[in-house]
Each structure stands twice: as C-alpha cells, then as structure tokens.
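Hi everyone, thanks for coming. I'd like to walk you through one model today, starting with confidence and ending with pockets. Have a look at it on the screen.

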Amino acid sequence: MNSVPLAAAALHTAVMQAADHRCQCTGQCTNPHRKGGGRCPLVHDGYTSKRGRRVHLAAAPPDPLTPRVQAVTLSAADLMAWCPDCHTGALRQARKDARRPDPDQGALFD
C-alpha cells in the first residue's frame, strides 16, 4: 500500500497514479537521469538503495517557481510527481535561470 499525506489525499493519489508512482522529472533538476532512460527512476515509497532513505514523492507544479497560493488551486492534471531531490534541484536551477539577464534586452550601455 502506498502512503498518502493527511491533507489532499485524493489529489495526491490522482497525481501518483497518473505518474505511475514514479518521479516525473526529466532533467529539470540538471541531472540527466541516465539510469532511468531520461526520467528519474525513484518510485514512491521505494528505497534509494539498500541503506538509503524511503522516497516520498510530492505532487507539485511543473514550474517550481509557482507561488504556493497559486499551486494549491491547481488540479491533478496540472501537477506532477516530484522526488525531494529533483524538486530541490529544479527549484535551484529555476532560481538561477530567473536571475540570468535576458540577452535580447541589451546591456545598460549599449
């Protein structure tokens, strides 16, 4: 039996079933996931290794920069399954990309 959170259990279950209980990251975290064929191989309630920790996937928006106030209004179709490591990596990369200047905007002294 797969674990579910205490709140929004039906939404979480719908997202996990759509994702086949597997993390849906396809490299947004900057990891190419070579062992998983381009997709993160971690499975909900699975273990990372023999002595590893148990994986609990989260249902979250595909864009990790989505504000929480907006994220809670999304439906299961608008969410994806994330393992904690992939979500953290994708969030870090999205923040880094957001700080990068737009090349089309031009510099101050152009």
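What is the mean pLDDT of the chain, and what share of its residues reach 70 or more? This is a predicted model, and its mean pLDDT is 87, with 89% of the residues at 70 or more. Among the elements, strand 2 has the highest mean pLDDT, at 96, and helix 2 the lowest, at 91. As a general caution, where pLDDT is low, we should not read the predicted coordinates in detail.

Now the layout. The chain has three helices and two strands, and along the sequence they follow the pattern α-β-α-β-α. There are 110 residues, and 27% of them are buried. If we take the contacts with a separation of 6 or more, 50% are between residues 24 or more positions apart.

Let's go inside. The largest nonpolar core has 18 residues. Those with the most contacts inside this core include Leu57 and Trp82, along with several cysteines: Cys23, Cys25, Cys40, Cys83 and Cys86. Helix 1, strand 2 and helix 3 are the elements that give two or more residues to the core, and strand 2 gives the most, with three. In general, nonpolar side chains in soluble globular proteins tend to be buried together.

Let me stay with one of those cysteines. Which residues is Cys40 in contact with, leaving aside its neighbours within four places in sequence? The list has four cysteines' worth of company for us to click through: Cys23, Cys25, Cys83 and Cys86, plus Arg22 and His33.

On to the pockets, which I suspect is what you came for. The largest has a volume of about 480 Å³. Its lining has 20 residues, and those nearest the centre are Ala58, Ala59, Ala60, Pro61 and Ala71. Helix 1 (9-18), strand 1 (58-60), helix 2 (68-71) and helix 3 (84-99) each give two or more residues to that lining. By class, the lining has 14 nonpolar, three polar and three charged residues.

And the second largest pocket? Which residues are the closest to its centre? They are Asn31, His33, Cys40, Pro41 and Leu42, out of 13 that line this pocket. Its volume is about 150 Å³, and its lining has six nonpolar, four polar and three charged residues. Notice that Cys40 turns up here again, after its part in the core.

That's my tour. Happy to rotate the model and take questions.

Notes:
Residues numbered from 1 in each chain as written. Predicted model: local features only at pLDDT ≥ 70, side-chain atom pairs only at ≥ 80, totals over all residues. Heavy atoms only, no water. 1 Å grid on protein atoms, 1.4 Å probe; cavity = no way out; pocket = protein on both sides within 12 Å on 5 of 7 lines; lining within 4 Å. Points joined across faces, edges and corners; volume = space filled by probe spheres on them. Helix = DSSP H or I, 4+ residues; strand = E, 2+ residues; numbered from the N terminus. Nonpolar A, V, L, I, M, F, W, Y, C, P; charged D, E, K, R; others polar. Core = buried A, V, L, I, M, F, W, Y, C linked by side-chain atoms within 4.5 Å. Buried < 20%, exposed > 50% of the residue type's maximum accessible area, 1.4 Å probe, protein only. Contact = heavy atoms within 4.5 Å. pLDDT = per-residue confidence, 0-100.
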